[in-house]
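Here are my notes on the model you sent round. Have it open while you read, and shout if something doesn't match what you see.

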Amino acid sequence: KDIKITPGNYELGIFGRYRINYWLATRIDLNYIKLSASDANSKNDFIRGRNLSFSNEMFAFSGRFDIFPPFLTVPEIWSKKGILVADFQAYLFVGIGGLYHAPTAIYNGERYDLRSLKTEGVSYSNMAAYMPTGIGFFFTIKKQHRLGFEFQWNWVFSDRIDDVSGYYVNASEMSSNPIAPLLANRRGELT
């Protein structure tokens with residue numbers, strides 16, 4: 001209920017799509033994703049009081065199926081001279097992928113790797129599976145230019161992307177590095 005999109009986050013990627021038939025295409029994606037958040041930006045007093053923050057730079061690879069139902073397609077628009085002017089197609093998609101991630105946090109101007117500090121009290125892999133799902137559309141103009149938009153929701157099968165747990169663990173369960181408990185519970189930094 002309190003998700004905030006942080007300005008400055010971005011995703012860069014490349015993809016290749018192969019159209020199997022009128023209804024179906026396969027696609028592979030390779031993406032670089034920067035994700036970050038800070039409790040200080042929340043309007044919720046409880047979350048703001050937790051005072052945690054993270055940044056995570058991820059590399060993701062996925063394969064998916066794009067489904068083009070005919071009822072989401074507008075027929076091609078032709079000019080009087082018989083030239084294709086534009087067409088429109090909307091599609092649904094679902095797939096499976098894997099991502100490499102490494103959550104970090106800044107403390108006193110220095111960046112720390114949260115996974116190696118075990119701030120959640122457990123060891124976990126920096127690899128995670130995810131399932132991209134969503135909807136998209138594109139226009140093709142004069143058979144040369146394509147402009148499109150996608151809304152994608154990634155179901156990540158890991159609770160470690162932000163390295164924030166539902167509770168504070170005892171310092172004895174963390175790394176022996178003395179900075180670990182300071183990054184796991186940052187409420188003391190609040191005035």
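My points below go from the overall fold to the packing inside.

1. First, a caveat: this is a predicted model. Everything that follows should be read with that in mind.

2. On the fold, I get three helices and nine strands. Walking along the sequence, the order is β-β-α-β-β-β-β-β-α-β-β-α, so the chain ends its pattern on a helix under the run-based assignment used here.

3. How much of the chain is tucked away? Of the 191 residues, 34% count as buried. As for the outside, the protein exposes about 12200 Å², and 62% of that comes from carbon and sulfur atoms.

4. Long-range contacts deserve a mention. Taking contacts with a separation of 6 or more, 67% are between residues 24 or more positions apart.

5. Now the largest nonpolar core, which has 12 residues, including Phe 54, Tyr 112 and Val 169. Two or more residues each come from strand 6 (103-107), helix 2 (114-117) and helix 3 (179-184). Which element gives the most? That is helix 3, with four residues.

6. Have a look at Ala 180, a member of that core. Leaving aside residues up to four places away in sequence, Ala 180 touches Leu 117, Thr 119, Met 174 and Ser 175. Of these partners, Leu 117 and Met 174 are also listed in the largest core.

7. Finally, don't miss the second core, which is separate and has seven residues. Among them are Met 58, Ala 60, Leu 99 and Ile 161.

Conventions
Residues numbered from 1 in each chain as written. Predicted model: local features only at pLDDT ≥ 70, side-chain atom pairs only at ≥ 80, totals over all residues. Heavy atoms only, no water. Buried < 20%, exposed > 50% of the residue type's maximum accessible area, 1.4 Å probe, protein only. Contact = heavy atoms within 4.5 Å. Areas by Shrake-Rupley, 256 points an atom, 1.4 Å probe, with all protein chains shown as cover. Core = buried A, V, L, I, M, F, W, Y, C linked by side-chain atoms within 4.5 Å.
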